[in-house]
Amino acid sequence: MTAAPQDPIGRVVATEALPASPHQFHFWTAVEAPVGIGAIVRVDGTTRTVYAVVTDGRAYSDLLTPLHEVVASEGNPAAPLPPSRRAEIRLWTAAVLRQDPPEPMQPVPLAAVHLADAADVEVALRMDAFARGDERTAIPIGLYAAGGTRAPVFVDADFLLGPESAHLGISGVSGLATKTSAVLFFLSAIFQHFPKRKGSVAAVCLNVKGPDLAFLDLPSDLPPEDAAMYAELDIRPEPFSQVRYFAPFKPDGVNLNTLRTHPALVDAVEPLVWGLREVLDYAEVLLNRDDIDAKADAFLDFLADRVVGRPFQDEWGNHHLVESFAGLEGLFRAIFDGLEQAGGREMWRTHHVATIRKVRNRLMNVSTRCKGLVTDEASGNDLPFGAFADRTVYVVDVAGLDQLGQDLVFTRVVSKLREHLERRDLGVDNVVVFVDELNKYAPADGPETYVRKMLLDISERGRYLGLVLFGAQQFRSQVHRRVVGNAGTTVYGRMDGDELATPGYQTLSPAIKSKLATLPKGELMIRHPHFTQPVFLRFPRPAALAGRQGIERYPPAADVPFTDAIVRQLSVLDRRVAPQRVKDLIAGRREDDVRRALLATRRARPADVLAFFTARLGRAVVRDVPAEGGPAVTPLRTVEDPYAPA
Amino acid sequence: MQRPFATARVVEGARVRAVPVGPAEAAPDGIGFADGIQRWGIEGHFGLVPVARGQIAAGVLVRAGGALRAAVRLEEEFLVVPADRLGARERAAISGVGLPVYDADGESRPHPYLDRWAVAQVVERRREALEREACRAFLDARPEAMLVVDGGLAGLRHLPGAARAIGIAKRHETQFLDGPELEVALTLPAGSRSSVFARELDDGTVLLSWYLRLWPWTDEDLLHGLTRVERIAGDGVVEDADRVSRWLLAERAPIAGRDSRWDRLLYPLHEVETALRAQAGGWL
């Protein structure tokens, strides 16, 4: 039996035990009715219309006890089927999305139930308030598809990117929930539909694992059904037209630490390299794991305010201009030598020597563990803070860094974005920061970290700045509740059963949970401030090349030798650079000197790359090697360092 | 009250015997199942004269692919009064209600019990008539279909197509057999029928019957699972008794477990009753 669209598919029923209320009701349908969990229905009463979403369903027959079935089959499960099927009921539970008129709020009328058509979906989800007219702020986020109806579903930009509410959290099991795909699709939708009058928008995506975000500028092979969904949602199925990739170097300082190293693509990757100043401003990140204290904090402030980047004279007459890790190490050595020579004093300018050693070891540890990200230079190559471009994706690939390095990058990038947005000089008005594995950065449990504090701050105040967090995590229950709670829009993909058993999901019906636990790829459940109940949606595959396909199509290149890497990077800056000329130039030179010259060249982007590089490289200095048997240098007395790395 | 004994003659063999009918076999699609419901209550009185309201319904469900769907549904609501005990004013008031009015042809003197009994008789006769109309509608509309009817077929004997009707009597208030033949009938094993026997009505119509045991009666009442199948006499009816019995055996499942008569009540007939009661709605 197939009901015509205008025909009712059921009727509301109410008993004393199962009454209809203003927020929930029950209705029966024919067994064959195309209704399912998540379907939106409309109840036409005489004085009011009610829109609701199906949250649960039950079926039962007139069988009084299962024993009757056993008796009827004479205990034989293989007995032929009875000639008559038992009378059977499909009884559905629906949660009210909207009542028209809204006042007085009354129980749902005991009337006919219809499947919602596209117009009903718009009204039911209150999209008529923001998806029409000149002040339209609608961003398509997926396709409602149930009961034969397909209708685009929009979220309100004011509630997705601020200022009314902001942030998006997406949860689901790895590999099945398609979290990254969903976020990339959302970003496409935002870039194409965010109203111009609302300002400019960019996205910063932190790639924390694999090649997920490494090919966003390349088109994918979209199946026809996905292309059709793009058409229905009025989104052009295109990869991101403006993408800038940033990745640190590997410890060799010349090969990029990313999977986007295929020769055809690597030119578009810019190195992410930071100097002492960039690191020192966020040194709290390094200290807050197990040993943050006020003394270390004070010493760091002292270094940042009084030492780094300015002339400094110590008590022993040494002059320092600390601009790099090497310079900082020189200062530390001078302090320790001076204290030693002063008879083993333990205090230097109110700072205990143990505190100084702790800070020294943490900072120097960074330059070791994050070699490739941190340079010995005064400054490095950074994201274009202040010159962000509208509708541009900035991918920061930190997948190859260890946790400390990822924390540092995450903290610094987000903090810089916040600083610039506060000053309104970032270059764009709104930035979406996409972070996967949010549970790692803002865990529900564990010690208070600088990263978590920063994320809490963004969650609670970012919407006023235009700093929007799109966080993905496998287990929502493992993310700090203030981060979760401040996400205006929440998306769920395929969920783990144990996760669904946690208290955060107790408002969902067993049927909704069951659906979430079996949700196919490409389907999501979404909560949004305008939707009074969660809604199930479909979304198409991203139009940008997925990481796995990208790796197959553009396999990463093997690391190249130091010399070849220098040639390649200079060639990226200027195609006219002759490889042999570069090789001759750097032959026999110290690698650190070459790296320094390359970094300076990249930073300056001069018209004549080779000339600039040559000048920065300077003349070769012949090393003065002392003759064997020369005067021996008396070593300094070793002082035990309790904070030395194990 | 109906007489508890009647006479019949065996038409299959020389005497009544138990006949195993073979494995259950589903009846062909399109078979109908007919039943009816009735209810009544005293709505008020004119003095000592009761005014009853009756509601009856009859229907036929047709089965296809295992699904039972309504094929015929008739209903009627009416008043029943002992008309000759009402004055003109009361009759006018009754007519003003707008429902058909039937005369409860009871005693001329007031007698609360007999008055009620008279109303019940009227309601029952009206229900039987409505069932007959429902069966007629089904048999007319589906000239090839068989029709299983709840109860005997005496009331349907004049209907065109009545030869396609199969009556299922659950109550055994009237015994047609006696002596060893009755013993054979009442002790039939499950899945067996009795020999076919005939009884003749006053108008000469011959009805053929046989007992059929649906469920084992061991440790139960003699009548447990025992039905009496009835058909209008005609060519091939006796020969067809096994096949019809196999159809009915197949109707043991599903069990109409919500009814205390589940051992004799076929589920589709139970469904007719359920549907009619549900559609009749509340009874205030």
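**Cavities and the contact between chains A and B**

The lining of the largest cavity divides into eight nonpolar residues, eight polar ones and one charged one. That cavity belongs to a predicted model, so everything described here is read from a prediction. How much space lies in the largest cavity? About 100 Å³. It is lined by 17 residues, and those closest to its centre are A:Gly169, A:Leu438, A:Val483, A:Val484 and A:Ala487. Four elements of chain A give two or more residues each to this lining: strand S9 (166-171), strand S19 (467-473), helix H14 (481-485) and strand S20 (487-492). The largest share comes from S9(A), which puts in five residues.

Strand S9 of chain A has something else going on, since A:His167 also sits there. The phi angle of A:His167 is near 80 degrees, a positive value in a residue that is not glycine.

The largest cavity has company: the count comes to six cavities of 30 Å³ or more. The second largest holds about 60 Å³ of space, and chain B supplies its lining: B:Gly59, B:Val60, B:Leu61, B:Ala70, B:Val72, B:Arg73, B:Val272, B:Ala275, B:Leu276 and B:Gln279. Strand S4 (49-64), strand S5 (67-81) and helix H5 (267-280) of chain B are the elements that each give two or more residues to the lining of this second cavity. Which element gives the largest share of the lining of the second largest cavity? That is H5(B), with four residues. Sorted by class, the lining of the second largest cavity comes out as seven nonpolar residues, two polar and one charged.

Now for the place where the two chains meet. Chain A brings 15 residues to the contact, and chain B brings 20. Together the chains bury an area of about 1500 Å², with carbon and sulfur atoms giving 54% of it. On the chain A side, A:Pro83, A:Ser84 and A:Arg85 lose the most area to chain B, and those three together make up 38% of what that side buries.

Polar links turn up here too: eight residue pairs are in polar contact across the interface of chain A and chain B, with both residues of a pair at pLDDT 80 or more. Helix H1 (residues 66-72) of chain A gives the most to the side of chain A that touches chain B, namely three residues. Split by class, that side of chain A has seven nonpolar, three polar and five charged residues.

Side chains of opposite charge can pair when their charged atoms come close. Between chain A and chain B, the count is two salt bridges. One of them joins B:Arg69 and A:Glu32, whose closest N and O atoms are 3.7 Å apart. Why does this pair qualify as a salt bridge? Because the distance of 3.7 Å falls within the 4 Å cut-off. Over all chains, the salt bridges number 63. The pair that crosses between chains runs from B:Arg69, in strand S5 of chain B, to A:Glu32, in the loop between strand S2 (24-29) and strand S3 (40-44) of chain A.

Finally, a stretch of chain A has some backbone quirks. Where do A:Pro101 and A:Pro104 sit? A:Pro101 is in the loop between strand S5 (88-100) and strand S6 (112-115) of chain A, and A:Pro104 is in the loop between S5 and S6 of chain A as well. A cis peptide bond links A:Asp100 to A:Pro101, with omega at about 5 degrees. Another cis peptide bond links A:Glu103 to A:Pro104, and there omega is about -10 degrees.

Notes:
Residues numbered from 1 in each chain as written. Chains lettered and ligands numbered in written order. Predicted model: local features only at pLDDT ≥ 70, side-chain atom pairs only at ≥ 80, totals over all residues. Heavy atoms only, no water. Contact = heavy atoms within 4.5 Å. Buried area = accessible area lost by both parts, 1.4 Å probe. Salt bridge = Lys/Arg side-chain N within 4 Å of Asp/Glu carboxyl O. Polar contact = N/O pair within 3.5 Å; in protein donor to acceptor, adjacent residues only side chain to side chain. Nonpolar A, V, L, I, M, F, W, Y, C, P; charged D, E, K, R; others polar. 1 Å grid on protein atoms, 1.4 Å probe; cavity = no way out; pocket = protein on both sides within 12 Å on 5 of 7 lines; lining within 4 Å. Points joined across faces, edges and corners; volume = space filled by probe spheres on them.
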